[in-house]
Amino acid sequence: MAQQIVDRRDIDFVLHEQFMAGDFAEKHEDFADFNKKTIDMIVSEARTFAIKELLPTYKEGDEQGCTFKNGEVITPESFKRVYDLLNEAEWLAMVEDPEWGGQGMPRLASSAAYEYFNAANYPFMMYAGLTHGAGKLVESFGTDEQKELFLKKMYSGEWTGTMMLTEPGAGSDVGALTTTATKNDDGTYSIKGDKIFISGGDHDIADNIIHPTLARIEGAPEGTKGISLFLVPKIRVNDDGSLGEPNDVICTGIEHKLGIHGNSTCSIALGGKGECVGTLLGEENKGMKAMFLMMNEARLLVGYQGFACASASYIHAVNYARERVQGKNLLEMMDPAAQPVTIINHPDVRRQLMEMKVYVEGARSLLYYVNYCSDMAKIAETEEEREKYEGFIEVLTPIAKGYVTDRAFDICSQGVQVYGGYGYIEEFPVAQLLRDCRITMIYEGTNGVQAMDLLGRKLGLKKGKPIMDLFGEMLKTVANAKKIPSLEADAVKVEELFNKLVEVALHMGQAAMSEKVLSAFANAHPLMDATGDVMMAWMLLWRATIAATKLEKAKKKDIPFYEGLLKSLTYFVDAKLPITIGRMNGLMNTSSAAVDIDAASFPS
Amino acid sequence: MQIYVCVKHVPDSAANITILDKSRIDENVTFLLNPYDEHAITEAVRIRDTFQESEVIAVCIGKDDAEKTIRSALAMGADRGLLVSSNDDHDSIETARVLKAAIERTGEPALIFTGKESIDAEGMQTMFRLGALFDFPVATNVIKIDVDETRAVIDSELSGGNVNTYELSLPCVVGAGRGLNTPKYPTFPDIVKSRKKTVKKFIFADLNIEPSKASMSIVELEPLKQARSPKEITGDASIVAQKILTILKEEAKVI
Ligand SMILES: Cc1cc2nc3c(=O)[nH]c(=O)nc-3n(C[C@H](O)[C@H](O)[C@H](O)COP(=O)(O)OP(=O)(O)OC[C@H]3O[C@@H](n4cnc5c(N)ncnc54)[C@H](O)[C@@H]3O)c2cc1C
């Protein structure tokens, strides 16, 4: 059994040295219970649970996968027991309102627990994560009656939840969906249609499944404007909360996938017999708006999923590199008597570990920062301040989902590489982490869609105020770093990078509103790459500034850690930042080749 | 009724232990509540809930960091904690004296739980020494316990799986075994609540422990090296099968 699946020292650093998670206890009465020591205990208990219960079911979940027999979905054997344990310990709704069974924990502090859980077994955690997300929809848009009937049972995990959007003809373009809703005399709606790719759409770990479902009310406008959101239970729920008749929600099959085998991906037929009944969640034709409100959170969660795979792959790779003996030290290559060394001593392996290190650290800080912004928005004393932090969340969400999962997959691939041939063998966890990680770049809006969101909506949001405010925060970090002589030179380079991004963003924003719009969008993903790189540079500089300040008085055991943070910055500035500048030069070219090329020029 | 549970702050069983100076371990690993003590806490909490006006008190000797282990015990349902803060290692003779002193200064025990052993030192002596010091009866590797006002009826598992049933007068000392119960993970609200419970600190020197004439100390620590030596098994298939069977039965003792 592994002792470590993620880097606890770094988690503690981000929580308590970068974002001062414990201080929220004094900042707002809702958070009063969560001082530093309590947070530490929660993180420790989350770690224990993750390592003792979730991790041992990770490989088993992959190997057994889900099966579909006689119309029923069977999940891996161990999942039911672990799911019950997770719920008995009340982990499912850590950050939600205690009135509905949540724990009211600040989001920043919850980040660490999510990282542990997802790093241990994210396909399993999807059942809980989607339940939480679906519950949140009920909490935000439900009537009192809907909340009474569903919410506590969802936040306690007694029933699970899903997100039912996708149809065969409606993937990235949700507006194309054809599932219909017909109003009944009693105010309920009859739902009819076919959904596909529904995660956790059917399973055997809980008694009921509540599906927030997108459908079009008969006669509603075409496209996204005519979409409404409904609550559709698998089993109907009586007024007293007890289970009634099945609701004509039928799983017709499950997918065989590259990864996340433990999580069922279901095709669902709604109302095949004309007996599927749902209730409206929120207002008619406002379904997409409701979904959008939840989108940032759901996308951030996907960022965490991908990141957690990377975070675990990194720890495995480091441990493996410390143990695997192979080859001589480069400097002793010619000495026939030289002993073989552990591979961590080879410069190329060190470089790979360094690559993994900088992106894992940068991404951790970035993801936790988005949660920090949520907490800051919640406790903001003025409307202006609240808007500021909400603006940050808007701008950073496509990066936290798109850029982070792109890098996470790269990191998982590096993890396989560090293991050499053994990495490709399923006996070691890095192979599964790589496979599982891949879907995070696709669902909850493909990373292409994220990039378009960044270019098309987020850069110009509120006339560019959020992004300019964010630059303001970034320049504060630069100013702090410049005060430290050993960091000054790097800080100047990072500042130049920030300034160049402003220039590139303006250029791209203008191109997107000109006749070059297609070329601009052909460059949206590279723009997301460059922007993400800049966020990494920001976070690494911020972290190094703290490390440099703390080094002087650091305890002996912390010295290598802080020195490592300084090296992360050096590596990024020396080796990565020039590539980012190159990317930005490419963006200034805004190549139109990809849109100019005739589709016929691709091979037939 | 006061139920004391002696808990120990030990390295995580999954940790990679590094030995330093041939005499101590590198403590830069995760430390947790000793797994046997989890059974002890779970049982103590169960018994407490059946008696009015009773409480569970977790006692630990260790560095200040050991407060985390007490907090884990509190999250699992103990009501308050006692930490005897000491930076030194203590042998089981001294440990039992310290525990007794801390308990006596706090109240009158009706039951004292320990784990059947700690997973780091595996001394298995603390409960007996504690019993001797207090003049209480002791049973260890306990897998079942029923308590009333005056006595405890317990099942104790012996090697080979035999079970003896004993009746112990109260107060008594009980070493919890794995079979006693299935410890539950603390719930999120209990973790949060545990912060508000009190942990009283004693300084080791203030307890005026009478030094023992006898003592035990670690001379040398060595990592366990599992010698692996390959053996070639030859012969035709039926002979090979027979040999493997013999090895599995007699050497590996797995069948
Ligand atoms: C394992 C798994 C689990 C899933 N879970 C759920 C779930 O729980 N609930 C749910 O509702 N859905 C779920 N999905 C569906 C998922 O969200 C969609 O697959 C995803 O949104 C992409 O849709 P699509 O597959 O139809 O691809 P398409 O939309 O056909 O996309 C194909 C490619 O075209 C690009 N593309 C499409 N449109 C545009 C455009 N306008 N501009 C530029 N590029 C474009 C995409 O980026 C992509 O690269 C899941 C999918 C999988 C595989």
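**Note on a predicted two-chain model with a ligand**

1. In chain A, residues that stand 24 or more positions apart account for 74% of the contacts with a separation of 6 or more. This figure, like every other in this note, is computed from a predicted model. For chain B, residues 24 or more positions apart make up 68% of the contacts that have a separation of 6 or more.

2. The overall make-up of chain A comes next, and here there are 18 helices and 14 strands. The radius of gyration of chain A is 25 Å, close to the 25 Å that the globule rule gives for 604 residues, so chain A is as compact as a globular protein of that length. Taken along the principal axes, the C-alpha atoms of chain A fill a box of roughly 80 × 65 × 55 Å, and 52% of the 604 residues in this chain are buried.

3. Chain B can be described in the same terms, with six helices and 13 strands. The C-alpha atoms of chain B fill a box of roughly 70 × 45 × 45 Å along the principal axes, while buried residues make up 38% of the 255 residues in the chain.

4. Which domains is chain A divided into? The division gives domain 1 (8–66 + 75–155), domain 2 (160–289) and domain 3 (302–592), so that domain 1 is written as two stretches of sequence. The centres of domain 2 and domain 3 of chain A, taken over C-alpha atoms, are separated by 37 Å. Where these two domains touch, four residues of domain 2 of chain A are in contact with six residues of domain 3 of chain A, and the side belonging to domain 2 divides into two nonpolar, two polar and no charged residues.

5. The ligand is surrounded by 19 residues, of which the closest are A:Leu165, A:Gly171, A:Ser172, A:Ser199 and A:Gly448. Two elements of chain A, strand S5 (189–199) and helix H12 (447–458), give two or more residues to this shell, and S5(A) gives the most, with three residues. By class, the shell around the ligand consists of 10 nonpolar residues, eight polar residues and one charged residue.

6. Why can the ligand be said to lie between two domains of chain A? Both domain 2 (160–289) and domain 3 (302–592) of chain A give residues to the shell around the ligand, and the ligand therefore lies between them.

7. Turning to the place where the two chains meet, 21 residues of chain A are in contact with 20 residues of chain B. On the side of chain A that touches chain B, helix H3 (36–54) and helix H5 (79–88) of chain A each supply at least two residues. The most comes from H3(A), which gives nine residues to that side. The side of chain A that touches chain B has 10 nonpolar, five polar and six charged residues.

8. Helix H9 of chain A, which covers residues 347–379, allows a simple check of its geometry. At 1.5 Å a residue, its 33 residues should span 48 Å, and the end C-alpha atoms of the helix are 47 Å apart, which agrees. Of the 33 residues of H9(A), 24 are buried, so this helix is largely enclosed by the rest of the structure.

9. The remaining points concern the backbone, for which a general expectation is useful: most residues other than glycine have a negative phi, and most peptide bonds are trans. In chain B, a cis peptide bond joins B:Leu170 and B:Pro171, with an omega of about -5°. B:Pro171 lies in the loop between strand S11 (163–169) and strand S12 (172–176) of chain B.

10. B:Asp135 has a positive phi of about 70°, although it is not a glycine, and B:Asp135 is placed in the loop between helix H4 (126–134) and strand S9 (138–147) of chain B. Is B:Asp135 buried or exposed? With 7 C-beta neighbours inside 10 Å, B:Asp135 counts as exposed, because a residue is called exposed if 12 or fewer other C-beta atoms lie within 10 Å of its own.

11. B:Asn141 also is not a glycine and has a positive phi, here of about 45°, but the place of B:Asn141 is in strand S9 of chain B. B:Asn141 has 25 C-beta neighbours inside 10 Å and so counts as buried, since the cut-off for a buried residue is 20 or more.

Technical notes
Residues are numbered from 1 along each chain as its sequence is written. Chains are lettered from A and ligands numbered from 1 in the order in which they are written. This is a predicted model: local features need pLDDT of at least 70, side-chain atom pairs count only at pLDDT 80 or more; totals for chains, interfaces and linings use all residues. Helices (H or I, at least four residues) and strands (E, at least two) are DSSP runs, numbered from the N terminus. The expected span of a helix is 1.5 Å times one less than its number of residues. Two residues are in contact if their C-beta atoms, placed from the backbone, lie within 7 Å. Ala, Val, Leu, Ile, Met, Phe, Trp, Tyr, Cys and Pro count as nonpolar, Asp, Glu, Lys and Arg as charged, and the others, Gly among them, as polar. A residue is near a molecule or strand if its C-beta atom, placed from the backbone, lies within 6 Å of it. Domain bounds come from an automatic or database domain assignment. The radius of gyration is taken over C-alpha atoms; the globule rule is 2.2 Å times the number of residues to the power 0.38.
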